[in-house]
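Welcome! Have the viewer open and try each exercise yourself before you read the worked solution.

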Amino acid sequence: MLMSHRDSSWTQVQEESRWLINMVENLLSITRMNNGNALLSKQPEVVEEVVGGAVQKFRKRYPNVRITIEAPEDFAVASMDATLIEQVLINIMENAVLHGQNTTRIALTLTQDESWVSIAVEDDGGGVDPKIIHKILDDSFSQIREERSDMKRNMGIGLSVCRSIITAHGGSIAVRNTEQGAEFTVTLPRDQGEEYTDD
């Protein structure tokens with residue numbers, strides 16, 4: 001069935017609304033950063049629960065994208081500002097949809113060792129342009145004008161926020177291309193307090 005002009009206009013309105021919501025959330029995140037020093041409200045959090053919260057919010061916006069989560073049997077606990085880490089994960093997943101080539105699947109994989117917990121976000125969207133992948137996480141990338149004029153879709157703002165937030169947590173963020181798409185990996189220091197196990 002062909003999409004009518006009215007349906008097309010409504011879809012455009014929905015996309016514009018999503019973009020506005022994303023931008024407001026990014027700006028709110030930025031306001032919690034003070035010249036690179038984050039005004040964080042950190043406490044020990046079960047990482048799987050934070051990931052689940054981000055996925056739940058993402059699914060409301062993009063119900064047609066299949067999401068899977070793989071986590072270790074033992075709870076991974078990290079000291080974090082859960083709201084900001086959720087925003088990081090949402091930004092990464094939305095970049096996969098907005099900038100991927102017909103992204104249909106996103107897989108989140110949690111791993112941990114004695115000191116770190118990592119969240120890998122992998123998609124099937126075709127990957128990041130090799131010309132920009134080496135600088136996509138740089139602070140200056142948000143200032144780079146893409147060839148197309150649709151600057152609202154520039155991924156630099158969201159990823160710049162992500163990098164600032166993760167750095168403020170004492171962690172790191174990396175990106176690489178896979179056979180089918182791209183994978184962003186967020187790594188955070190583990191909480192060194194009480195051990196959490198699923199008894």
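**Exercise 1: A buried arginine**

Arg61 is buried, with a relative accessible area of 15%. Buried means under 20% relative accessible area, exposed over 50%, and partly exposed in between, using a 1.4 Å probe and protein chains only. Before going on, note that this is a predicted model: local features need pLDDT of at least 70, side-chain atom pairs count only at pLDDT 80 or more, and totals for chains, interfaces and linings use all residues. Residues are numbered from 1 along each chain as its sequence is written, and side-chain values use heavy atoms, with hydrogens and water left out.

Task: find the element that holds Arg61, and name the side chain that makes a polar contact with Arg61.

Solution.
- Step 1. Arg61 belongs to helix 2, residues 47–61. Helices (H or I, at least four residues) and strands (E, at least two) are DSSP runs, numbered from the N terminus.
- Step 2. The side chains of Arg61 and Glu94 are joined by a polar contact of 3.0 Å. A polar contact is a pair of N or O atoms within 3.5 Å; within protein, one must be able to donate a hydrogen and the other to accept it, and residues adjacent in sequence count only if both atoms are side-chain atoms.
- Step 3. Now list the buried residues of helix 2: Val47, Val50, Val51, Gly53, Ala54, Val55, Phe58 and Arg61. An α-helix has 3.6 residues a turn, so residues three or four places apart point the same way.

**Exercise 2: Checking a helix length**

Task: work out what span the 15 residues of helix 2 should have, and compare it with the model.

Solution.
- Step 1. The expected span of a helix is 1.5 Å times one less than its number of residues.
- Step 2. For helix 2 this gives 21 Å.
- Step 3. The end C-alpha atoms of helix 2 are 22 Å apart, which agrees.

**Exercise 3: Building the sheet**

Task: in what order do the five strands of the open sheet stand, and which strands are at the edges?

Solution.
- Step 1. The order is 4-6-7-9-8, and the pairing is mixed. Two strands pair if DSSP finds at least two bridges between them.
- Step 2. Strand 4 (66–70) and strand 8 (172–177) stand at the edges; each has a single partner strand, so one side of each lacks a neighbour in the sheet.
- Step 3. From one strand to the next, the twist averages 15°. Axes are lines fitted to C-alpha atoms, for helices over the stretch in contact, and angles run from 0 to 180 degrees between N-to-C directions.
- Step 4. Look at strand 7 (residues 116–123), where six of the eight residues are buried. Strand 7 pairs in the antiparallel sense with strand 6 (residues 105–112) over seven bridges, and a hairpin of three residues joins strand 6 to strand 7.
- Step 5. Strand 7 also pairs with strand 9 (residues 182–189), again antiparallel and over seven bridges.
- Step 6. Check some partners: Leu110 stands opposite Ile119, Ile106 is bridged to Asp123, and Ser118 to Thr187.

**Exercise 4: Into the core**

Task: which residues have the most contacts inside the largest nonpolar core, and which element gives the largest share of this core?

Solution.
- Step 1. A nonpolar core is a set of buried Ala, Val, Leu, Ile, Met, Phe, Trp, Tyr and Cys residues joined through side-chain atoms within 4.5 Å.
- Step 2. The largest one has 44 residues, and Val47, Met93, Ile106 and Leu108 have the most contacts inside it.
- Step 3. Helix 3 provides the largest share, ten residues. Helix 3 (residues 82–99) lies across strands 4, 6, 7, 8 and 9, at about 25° to strand 7.
- Step 4. Follow Val47: leaving aside neighbours within four places in sequence, its contacts (heavy atoms within 4.5 Å) include Ala76, Leu110 and Ile119.

**Exercise 5: Two loop residues**

Task: is Asn102 buried or exposed, and is His169 buried or exposed?

Solution.
- Step 1. Asn102 lies in the loop between helix 3 and strand 6. With a relative accessible area of 69%, Asn102 is exposed. Its phi is positive, about 60°, although Asn102 is not a glycine.
- Step 2. His169 sits in the loop between helix 4 and strand 8. At 4% relative accessible area, His169 is buried.
- Step 3. Beyond four places in sequence, the contacts of His169 include Leu40, Ile85 and Leu188.
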